[in-house]
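Okay, thanks everyone. I'll put the model up and then talk through one helix and one interface.

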There are 2 protein chains.
Amino acid sequence: MPAMKWWGWGYEGVEFSHEDKPALAPFIAEAIGIDVAHKVAAPVRFDQLPIPDPKLPEGLRAALERAVTARFVSIDARDRLVHARGKSLRDLIRQRRGALPRMPDVVVRPGSEDEVAAVLRAAIDADAVVIPFGGGSSISGSLEAPAAETRPVISVDLERLDKVVEIDSGSRLARVQAGVFGPRLEDQLRALGYTFGHFPDSFTHSTLGGWIATRSSGMQSDRYGDVADMVKGLRVVTPSGTLVTRPVPAASNGPSIREMVLGSEGRLGIITEATVHVRRIPQERTILGYLFPTFSDGLAAMEDIAASEHAVSVTRVADSHETQFSFAMRVRPTLVDKLQSRALRTFLRHRLGFDLNQMCLSFIGFEGSDRHVARQRRAVGRLVKRHGGLCIGSGPGVLYDQKKFDIPYIRDFLLDRGAPGDVSETATTWSGLMPLYDAVVTAAHGAFTELAVPGYVMCHLSHSYHAGACLYFTFAFRATGEAEMLGEYEVVKSAIQQAFVDNGATLSHHHAVGTEHAPWLQEDISAPGVAMLSALFNGTDPGRHLNPGKIV
Amino acid sequence: MPAMKWWGWGYEGVEFSHEDKPALAPFIAEAIGIDVAHKVAAPVRFDQLPIPDPKLPEGLRAALERAVTARFVSIDARDRLVHARGKSLRDLIRQRRGALPRMPDVVVRPGSEDEVAAVLRAAIDADAVVIPFGGGSSISGSLEAPAAETRPVISVDLERLDKVVEIDSGSRLARVQAGVFGPRLEDQLRALGYTFGHFPDSFTHSTLGGWIATRSSGMQSDRYGDVADMVKGLRVVTPSGTLVTRPVPAASNGPSIREMVLGSEGRLGIITEATVHVRRIPQERTILGYLFPTFSDGLAAMEDIAASEHAVSVTRVADSHETQFSFAMRVRPTLVDKLQSRALRTFLRHRLGFDLNQMCLSFIGFEGSDRHVARQRRAVGRLVKRHGGLCIGSGPGVLYDQKKFDIPYIRDFLLDRGAPGDVSETATTWSGLMPLYDAVVTAAHGAFTELAVPGYVMCHLSHSYHAGACLYFTFAFRATGEAEMLGEYEVVKSAIQQAFVDNGATLSHHHAVGTEHAPWLQEDISAPGVAMLSALFNGTDPGRHLNPGKIV
C-alpha cells in the first residue's frame with residue numbers, strides 16, 4: 001500500500017470535490033458561511049518543512065538492520081514524516097502549517113513475528129521508544145511521540161505482515177497477520193468465499209492490528225459485531241515474550257487478557273496476528289433507505305428493532321441536520337430524480353404530515369439468504385411504520401454504500417477553505433440517547449456562540465445494541481483565522497467530549513483514547529479504573545518503551 | 001437465604017436419592033463397581049471438628065462493628081466454617097474428613113456499598129485479608145484463605161445486597177445489587193415482566209456478584225449470552241475507591257476495565273452492583289429432545305445451527321456415555337413409558353440403523369414469540385435431520401429443565417459410597433472439539449488404569465458460539481479407600497485438565513481459576529499473559545489484602 005499524504009487523508013491526487021454536487025456549495029455557505037469556490041489555505045510545501053535529522057545511535061541502527069535487514073530500516077524524511085502522526089484534525093492542522101512533532105528517528109518494517117520481536121529487543125536494549133504503526137489513520141493522537149521524548153523513537157510499520165495465514169473453515173476462523181489493510185484482507189478472504197465484515201469509514205487506510213488496538217467498529221457491526229467480538233486468538237510481542245491467547249469462543253480463565261490487548265494502542269506490545277471470525281459471503285445484501293418524521297421517531301424505531309427477534313446488519317439514522325447535509329451531497333440529479341424528489345416531498349408533507357425540516361434519513365441493512373432478507377425486510381417495515389417511517393427504496397443505500405469511504409477526505413477540503421470539520425462519537429443507553437443528543441447539540445452551539453463563529457453540528461446513530469447505541473456527531477465551523485483555528489477547534493471538540501461524559505456516555509465508541517481523548521478518561525472509567533490501567537501498563541512495560549503517554 | 005451445608009451441596013435435609021430411579025443402581029454398579037445401597041462413608045460430626053478460635057484483633061473487630069454494626073459481625077464457628085471453602089470436590093472431601101483449612105476469623109455482612117467500603121478500609125488499616133463471598137458455590141477453590149496466612153482473614157458475605165434497584169425499561173437494563181441469589185433475582189424481575197435469563201447449574205445457590213467474579217455461563221447462554229456479555233455497568237469497592245464502569249453498550253476507552261473485573265475472583269475488589277441486560281419474559285419457551293446416531297453427528301448439527309441464521313436458546317448434546325446415564329436417571333417409568341421406549345428403540349435400531357450404544361441425546365431450546373419459535377423449530381428440524389437426528393418431543397426437555405439444579409447433589413451421594421465424582425469443562429473451536437473429546441476421554445481412562453480403579457467419564461456440549469463450543473465432562477470412579485481418595489481424585493482431574501490445555505482448549509469455560517485450575521493458567525494464556533495479570537493485581541492491591549493466592 002502506498003503511504004497516505006503527509007498532510008491529509010488518503011492518497012496524493014485523490015480529493016473531495018463539490019463540483020459534481022450542485023446543492024453542496026449553497027448548503028455550506030448557509031451552514032457555516034464559507035464560499036467553497038474560494039480556497040484560503042494550503043499545506044506548506046514539503047521542501048519547506050523543518051525536518052530535523054534523525055537521532056539514531058549507530059548501535060541501535062545496526063541492531064535494527066540485523067533484525068529486519070537494512071532494506072527495511074528507513075530514515076527517509078518523508079517516510080518519517082508520514083509516520084509522525086495520525087489523521088486527527090489537530091494532526092492535519094499542525095502538519096499543514098509545518099508545525100512538526102517529535103518525529104520518529106527511524107521507520108522499520110519487520111516481515112515476520114520473529115523480526116518484530118528482534119526489533120523490540122533492540123529497542124529495549126538501546127532504551128528506545130517503539131510506536132506500532134498500521135494504516136496511520138488514528139484520529140485520537142495515538143501515533144505521536146511525546147514532545148519531550150529524548151530517547152530514540154522507532155516507528156514499527158507492520159505493512160509487510162499482510163497475509164491470511166490459514167482458514168479453519170469448520171470453525172469459521174481465519175488466522176491473519178496484523179498489518180493487513182482492509183481491502184487486502186477482504187480480497188484474500190473473498191477469494192475463499194468468506195468475509196470478515198468489518199467496514200469502518202477508514203477501511204481503505206486502516207489495518208487489522210490498528211482495529212484491534214483501538215477497538216474499532218464497522219458499519220455492519222449489528223450483524224458481524226465490533227472488532228472486540230470478532231477477534232479471538234491474539235499474538236502480541238511484549239517485553240516479556242510473545243503473548244498468545246487461544247482462539248477459544250469463551251473462557252473463564254481470569255480477567256480477559258484478550259480484552260486488555262483490545263484498545264491497548266501499542267502500550268502492551270506489538271500485535272502481530274489475530275484469529276478472527278469470518279463468515280460465508282451472504283447470498284443477499286441490501287441497504288434500504290427510510291424517512292422518519294423526527295430523530296426521536298427514528299431512534300425509537302431502531303430501539304424496537306434491537307429489542308425484536310429480527311436480525312439486521314446496519315442500523316443508521318441521521319438527525320435532520322445530517323439529513324439535509326446528505327441531500328446536499330447528491331451528485332448531479334437527473335430530471336427524473338428531481339421530479340421524483342418533488343413528488344416525494346409533496347407526498348411526505350401533505351399526505352404524511354412530515355415537517356421537512358425535521359425529517360430524518362435512515363438506512364437499515366439486511367444480509368443473508370434471500371428468504372431471511374425478505375422476512376426481515378417485511379418485519380422491520382412493520383416496526384418502521386409504527387414510528388411513522390416510510391421506506392424509500394434501495395437507491396439512497398446504494399449511494400451511501402459506495403461513497404462512505406470518501407467521507408474522510410472532506411476535512412481536507414474544508415481546511416483549504418478555512419473551516420475545521422471533525423467528528424466525535426460516543427455510546428450510551430437507549431433511554432439516554434435523546435437527552436445526550438440534546439446536550440451535545442447545545443454544547444456545540446454554545447461553543448460556536450462563545451467563539452462567535454458560524455458553526456454546524458449534525459449527528460447519526462451508527463450502531464445498535466441490546467441496551468444502547470452509538471451516536472456519531474460531525475461538526476464544522478468557520479474559524480476566525482488560520483492562527484486561531486487550532487484553539488477554536490479545541491474549544492468546540494472539548495465542549496462535545498465534555499457533554500458526552502457529563503451525560504453518562506463514554507468518551508468514544510470506536511475511535512480510542514490516544515492523547516486527544518485522554519483528558520476525559522477518568523470521568524469515563526473513574527479514578528480506580530485509571531489506576532488499574534496504570535498498574536497494567538507500568539507492570540507490563542516498566543521501562544516505558546511502548547508508545548508512552550497514550551491512554552493514561 | 002439459609003447457608004448451604006458445611007460439608008456438601010445445598011440445604012440440610014435435601015439430598016440426591018437413587019430410590020425413585022430404578023435403572024440407576026445397576027448403571028452405577030456396572031459403571032464404577034459401586035453398590036449404591038451400601039454407604040461406606042459419612043461426614044464427621046460438626047461437634048467433632050477441631051475448629052480453632054478466631055484470631056481477630058480487638059481494634060479490627062471494633063472497626064468492623066462500626067462499619068456494619070455488631071449484629072452483622074459474626075465469629076460463630078459454624079458460620080466461619082461455611083465460609084471457609086466453596087464446594088469443589090477437594091473442598092467436600094476435606095470438609096467431610098474434618099481436615100479444616102485456614103478458617104476466616106470473622107464473617108461480616110455489609111448492608112450497603114458504603115458499608116462494604118468501610119469494611120475494606122478497616123481491613124486494610126489492620127493489614128487483614130478480605131475474601132468476598134456470594135453463594136459459596138465455587139468449585140475452583142476461590143474462597144479458601146492461603147494455608148500459611150498469618151494476617152486476620154475476613155469473609156465478606158454480600159447476601160444483604162439482594163435488591164433489584166431499578167429497571168430502565170427503555171434500555172432493558174436493570175441495576176442489581178451483587179449479593180442477590182439467582183431465584184431472588186428472577187423473582188424480582190419476573191414481577192416486572194422481565195428475566196435475566198442466566199441459569200447455571202448452581203443457580204439456586206449462587207449470586208450475581210459470584211457469576212461476574214467467575215465469568216459464569218448459564219444454560220440458555222446461546223440466547224442470553226454469558227455473564228460477560230450481559231453485564232455492562234459495574235460498581236466495585238477497591239483499595240483506591242469505588243470503581244465505576246458505565247453501562248454503555250460498547251466503548252473504545254482503552255483496555256476494558258469491565259472485562260478485568262469479570263473473572264477477577266475478588267482480587268481487584270468487592271463487586272457491589274451491576275447494571276445488566278434484562279429481557280421481556282418470552283411468549284413461548286420450549287426445550288425439545290433429539291437423538292443422534294453418534295456424538296460427532298450431534299456436534300456437526302450444533303455447528304450447523306451456530307453457522308445458520310436460526311436463533312436458539314439452548315444447544316446441548318450428550319455423548320453416548322452421558323446419554324446412557326441420562327436414561328438411567330429416569331424416574332419410575334409408567335407402563336406406557338416403557339412400551340413407548342421399547343417401540344422407539346426398535347424404530348431407531350431397525351428403521352434408522354442406530355447403534356443404540358453410540359446414540360446421543362440432545363436438547364435444543366427455543367424462545368420467543370409463537371411464530372418465531374415455530375419457524376426456528378422447523379428450520380432446526382431440517383438441520384438435525386441432515387445429520388441423521390430425530391426429534392423425540394418435549395418430554396425429555398421438560399424433565400431436564402426441572403431436574404438440572406439437583407445435579408450438584410449427586411457428588412455427596414457418591415462420596416457417601418466411596419466414589420469421587422466431579423466435573424471439568426472447557427471450550428475450543430468447532431474443528432477442535434472431536435480431537436479434544438477423544439484426548440480427554442483417553443486421558444481420563446489412562447488415569448483410571450494408572451490408579452487401577454473402575455471409572456466412568458462422560459461429556460456433553462453445553463454452549464455454542466460462532467466459532468466453537470463448550471465441552472462439559474463429568475467423571476466418577478471407585479476410590480481405593482477413604483485415605484487414597486483425594487490423591488486419586490487429583491490424578492484424574494489433573495489428567496483431564498492437562499488434556500484440555502495440551503489440545504488447544506482453555507482451562508475452563510465457566511468455572512474460573514481459583515487455586516485448583518491455577519496450575520494450567522500459564523499453559524492457557526502464556527507467560528506474558530500471567531505477567532499481565534500479576535501486574536494488574538499487584539498494582540491494584542499492593543498490600544495483597546484482596547483474596548490473595550487466587551488465579552495467579
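**Helix H17 and the A–B interface**

So, what covers the buried residues of H17(A)? The cover includes helix H11 (295-307), strand E16 (421-429), strand E17 (455-464), strand E18 (468-477) and helix H18 (485-502) of chain A. Helices (H or I, at least four residues) and strands (E, at least two) are DSSP runs, numbered from the N terminus.

Quick housekeeping: this is a predicted model, where local features need pLDDT of at least 70, side-chain atom pairs count only at pLDDT 80 or more, and totals for chains, interfaces and linings use all residues. Residues are numbered from 1 along each chain as its sequence is written, and chains are lettered from A and ligands numbered from 1 in the order in which they are written.

Back to H17(A). The buried residues (20 or more other C-beta atoms within 10 Å of their own, C-beta atoms being placed from the backbone; exposed is 12 or fewer, partly exposed in between) include A:Leu433, A:Tyr437, A:Val440 and A:Phe448. The buried residues sit on the same side of H17(A) because they cover an arc of only 135° around the axis, taken from the directions from the helix axis to the C-beta atoms. On the face turned away we have exposed A:Thr449 and A:Glu450. Right after H17(A) comes A:Ala452, with a positive phi near 55°.

Now the interface. 77 residues of chain A are in contact with 77 of chain B, contact being C-beta atoms, placed from the backbone, within 7 Å. H19(A) gives the largest share of chain A's side, 16 residues.

Definitions and conventions: Contact = placed C-beta atoms within 7 Å.
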